[in-house]
Amino acid sequence: MPTTTSPPRFGIMTAPQQVGYHDVLRVWREADTIPEIEHAWLFDHLMPIAGDLDGPVHEGWTLPAALAARTRRLRLGVLVTSNRFRPPAGPTLRVAAEHADLWNIPGGDIDDVVSRSALLDRYCAEIGRDPASVTRSIHLPVSYDRPGPVRDAIGEAIDAGFRHIVLGLPAPYPAGVARWIADELILRTVERKAP
């Protein structure tokens with residue numbers, strides 16, 4: 001994985017399932033006022049992937065447009081989009097090596113994440129692309145009750161060279177959740193990592 005000394009950039013992901021539009025909007029508008037949170041993400045599923053399968057789910061390509069109209073500063077994106085119902089081509093590491101500017105890796109075992117990133121580096125090298133030109137992004141789930149392990153996971157990701165970190169927020173979203181994310185997770189981790 002390419003090494004970099006740039007500071008990490010943080011964002012949030014609000015799964016558009018089992019929540020109402022106004023709940024997601026509230027969190028994104030709050031995040032829009034907090035400089036430590038630079039980007040916000042959704043995913044693209046046509047039915048809930050957790051909880052009540054008959055529960056609410058918002059479509060992943062129209063919801064960002066609605067949220068973009070109500071935010072000013074956040075960079076927005078869809079973390080996962082399905083090639084099964086959004087043809088023509090499925091994303092692969094080779095396609096990412098050729099075309100992607102940002103490549104997101106689901107969090108988990110950091111050694112596995114690093115090895116997948118190394119594979120992307122190899123594919124970039126094979127086609128003559130500088131691996132450093134692809135920003136590596138990692139998605140880490142948040143626990144409101146156990147912030148310590150989340151801070152540890154953020155620290156591991158930073159130590160592994162990740163500079164684009166997406167923090168996945170579980171619903172329901174508590175009042176002031178974006179400020180809590182900035183204060184308890186981002187700032188405390190960055191302060192701990194400072195020399």
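Two strands pair if DSSP finds at least two bridges between them. Helices (H or I, at least four residues) and strands (E, at least two) are DSSP runs, numbered from the N terminus. The model is predicted: local features need pLDDT of at least 70, side-chain atom pairs count only at pLDDT 80 or more, and totals for chains, interfaces and linings use all residues. Residues are numbered from 1 along each chain as its sequence is written, and side-chain values use heavy atoms, without hydrogens and water.

Strand β2 runs parallel to strand β3 (residues 75-78), and four bridges join them. Here W41 stands opposite G77 of β3. β1 and β2 are also parallel, again with four bridges. I37 of β2 is the bridge partner of F10. From β1 the chain passes through α1 to β2 in a right-handed β-α-β crossover (with the strands pointing away from the viewer, the path from the first strand over the helix to the second runs clockwise). Another right-handed β-α-β unit consists of β2, helix α2 (residues 63-68) and β3. Five of the six residues of β2 are buried (under 20% relative accessible area, 1.4 Å probe, protein chains only), so β2 is largely enclosed by the rest of the structure.

Helix α6 spans residues 177-193, 17 residues in total. From first C-alpha to last, α6 reaches 23 Å, close to the expected 24 Å (1.5 Å times one less than its number of residues). A kink of about 30° is centred on L187 (the angle between axes fitted to the seven residues ending there and the seven starting there). V177, A178, I181, A182, L185, I186 and T189 are the buried residues of α6. Their cover includes β1 (9-14), α1 (21-31), β2 (37-42), α5 (147-159) and β6 (164-169), with contact meaning heavy atoms within 4.5 Å.

Methods. Buried means under 20% relative accessible area, exposed over 50%, partly exposed in between (1.4 Å probe, protein chains only).
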